[in-house]
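Me: Please examine the model shown below. I should like to ask on what grounds its descriptive terms are used.

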Amino acid sequence: MAQVEIINVTKRFGKTTALDNVNLDIKDNEFFVLFGPAGAGKTTLLNTIAGIYLPEEGMVKFDGEVMNQVDASHRNVAMVFENYALYPNQTVYENIASPLRSPLYKQDNETIDREVRRVASLLRIDGLLDRLPHQISNGQKQRVAIGRAIIRTPRVLLMDEPLAHLDAKLRNYMRSELKEMQSMFESTVIYVTHDYLEAISLGDRIAIIKEGKIVQVGTRDEIYYTPRNEFVAALVGEPEINIIDGTLVKENGTSYIKLEMKEELVPLPDNHPLTKTLCEYDTNEFHVGFRPQSIDYTFEYKEGYLKGSVYNFESLGNKAVLTVKVGDTFLRTLAPYDLRVQLDIDIYIDAPITKGLFFDSQTTELIGSYDDAKVNGNGTQE
Amino acid sequence: MKRRELLINIVKHVLLIIYALFALFPLFWMLLISFKSDAQMFNTTFIFTPTLENYDAVLLRTDYFRYFKDSLIVSTLAVIVSLLAGVPAAYALANYEFKKKEDLAFTILSFRFAPEILVVLPLFMIYQRIGLYDTYTGLIWVYQLITMPLIIWVLRGYFEDIPIEIEHAAQIDGYTWWQVFLKKLLPLIRPGLVSASLLAFIFAWNNFTFPLQLSGTNIETVTVASLKYLASDTVHYGQMAVAAAFSSLPAVIFALLIQKHLVRGLSFGAVKG
């Protein structure tokens, strides 16, 4: 149980900068997710918090206490590693008991036995205690690794992509398991993932990290509805957001936006602060993002809808992604999984401008959206 | 189909038996002549009057066990010294990044390249000067050329196979670096440790050039002592055979022991499937 502060942390490996002036403030007992693509520095940040790496610059504080000079074993953190890092020559029982046998957290045998069995039954691995790590499945290994981490009450529980090496079915199962377990961890959890579903389903707050820098920190709604830039918008959401070029046109005192695939001009709502912002912007070129689920489609002609053709249909099990080709633009939209559709047939789509996210075409930063109801708080910038 | 398999099996076994005869025949021959008297040495092959005279002469009437003890002391201590210095060195070469790391590793390996005969003469003169000639210390030291590279290179591979996360996990579990090393890493490298040590021991035991040149009358290893049976007038083949048979015993015993430990892979599957 600790509040974790990361202040101006920079970590370099030789000439590469893995973490670039990172600042985070993680609340006590929060389930905090570090989310980003591979190689973004997520694991490095986790290792820096654990004390495995020392940052070249900056401070790591637990409850206001500077931890830079405290080594990994004395920080009282626990960690679940991506590759589980179980001791291969020790049984599941000994693996889980390991922290309580160390000189630092030493307990008598009776306590160890009681605690190991408590944790094992919690994680439903009580039948495996005598096995060696190579005799159990990946999902079970993962639970053993969690067991080893939660057998004592660490100040911070660090989890490094614990679900990454599980097969899809097990991953979904373990994700909901983890969510249930969240309450019993009773400590601050920092969870690293590159999986968007894990990030939004588990995280109280999510930090998006790219190339060693924190891009945005926010709740799942904040990062979904007000992504700070196109990178965040593309990272959050499955299938990926459609980003389309748009040009602002002013005619007879009304502002229109011309989208790249559409001949006609789309009027922008009057008296909306965003319209005003867009009009006063120093460029006419914008990027407009449409989430696939906000793009409507029909196979019958409909007034105001754009004609295109079905380019691809990819079933994802419980839903499907329909890729529509309009002119030279490809748009992804969501469809029911049981839709029967032939390729190249005509389709009519509509992307309501009120659902669009407007980005600066140069910096790719978010300017705003007309979807007022969803904007219930701006993503904090750090 | 079945008949074919049977045939293949028979051929396989016949070939293996031929190889076994081929490989074991010199040893068998050595045992054979160890039971022959000097008189029957050259005029009999398989049919002769067996005698224990050679065993009596070598084991009871010479200092054979002293040579055996010398060999044991020198080889064992050489391996222990190699382990004390080599295990940390192997760990460092596996886990730390430092300048010229590969060059250093290669230099260590290259000690094994130099023909012993090439370096032994200058070593002899140096040893004479600094008083290491004919001492345990001197031999143990020079044996490091044989034992150390082997131990470092085998164990480096073992350390590299252990994911660094295991060390991190143990640190986070509350172990100090030494405890991590002793309690978590050492058990994982044990197969390598055992097999490399035994192999190093055998190499040290079998060495002939170094003890021949660098030791005199104080310390005589079995390999050098075997020469004693080559007298200027006669060659006691029977006695030599006894000495050789006994001196090869540790090698044979350890080779049989190693077999079990040579099965690598304890640390494979350590962290993944």
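**Strands, sheets, helices and a pocket**

Reply: In this predicted model, A:S309 has A:D346 in β19(A) as its bridge partner.

Me: What makes β16(A) and β19(A) a pair of strands?

Reply: Two strands pair if at least two bridges are found between them. Strand β16 (residues 306-315) of chain A and strand β19 (residues 346-350) of chain A are joined over 4 bridges, in the antiparallel sense, so they meet the criterion.

Me: How do you know that β16(A) also pairs with β17(A)?

Reply: The requirement is again at least two bridges. Between β16(A) and strand β17 (residues 319-326) of chain A there are 6 bridges, and the strands run antiparallel. Within β17(A), A:V324 is the bridge partner of A:V310. The two strands form a hairpin with 3 residues between them, and A:G317 in the turn has a positive phi of about 95 degrees.

Me: Which sheet contains these strands, and why are β15 and β18 of chain A called its edges?

Reply: The sheet is open and has 5 strands in the order β15-β19-β16-β17-β18 (chain A), with antiparallel pairing. β15 (296-298) and β18 (329-336) of chain A each have a single partner strand, so one side of each lacks a neighbour in the sheet. On average, neighbouring strands here are turned by 45 degrees against each other, direction ignored. The partner of β18(A) is β17(A), to which 8 bridges join it in antiparallel fashion; A:L331 in β18(A) stands opposite A:V324.

Me: What makes β1(A) and β2(A) a hairpin?

Reply: Strand β1 (residues 4-13) of chain A runs antiparallel to strand β2 (residues 16-26) of chain A, with 7 bridges joining them. The hairpin has 2 residues between its strands, and A:G14 takes a positive phi near 60 degrees. A:F13 has A:T16 in β2(A) as its bridge partner.

Me: Why is the pairing of the sheet of 6 strands called mixed, and what is one of its parallel pairs?

Reply: The order of this open sheet is β6-β7-β8-β3-β9-β10 (chain A), and its pairing is described as mixed. The edge strands are β6 (77-80) and β10 (213-218) of chain A, each pairing on one side only. Strand β7 (residues 156-160) of chain A and strand β8 (residues 188-193) of chain A pair in the parallel sense over 5 bridges, and A:V189 in β8(A) stands opposite A:L157.

Me: How do you know how α5(A) is directed against β7(A)?

Reply: The angle is taken between N-to-C directions and runs from 0 to 180 degrees. α5(A) lies across β3, β7 and β8 of chain A and runs at about 160 degrees to β7(A). Helix α1 (residues 42-50) of chain A runs at about 155 degrees to β7(A).

Me: How is the packing of α6(B) and α8(B) described?

Reply: Two packed helices are described by the angle and the distance between their axes. The axes of helix α6 (residues 136-161) of chain B and helix α8 (residues 177-206) of chain B come within 9 Å and cross at roughly 145 degrees. The crossing is right-handed. Their contact has 19 nonpolar, 3 polar and no charged residues.

Me: What makes a residue part of the lining of the largest pocket?

Reply: A lining residue has an atom within 4 Å of a pocket point. The largest pocket, of about 370 Å³, has 16 such residues, and A:R175, A:D195, A:Y196, A:L197 and A:E238 are the closest to its centre. α5(A) gives the most to the lining, with 4 residues. By class, the lining has 6 nonpolar, 4 polar and 6 charged residues.

Conventions. Residues numbered from 1 in each chain as written. Chains lettered and ligands numbered in written order. Predicted model: local features only at pLDDT ≥ 70, side-chain atom pairs only at ≥ 80, totals over all residues. Heavy atoms only, no water. 1 Å grid on protein atoms, 1.4 Å probe; cavity = no way out; pocket = protein on both sides within 12 Å on 5 of 7 lines; lining within 4 Å. Points joined across faces, edges and corners; volume = space filled by probe spheres on them. Nonpolar A, V, L, I, M, F, W, Y, C, P; charged D, E, K, R; others polar. Contact = heavy atoms within 4.5 Å. Left-handed = near helix turned anticlockwise from the far one by under 90°.
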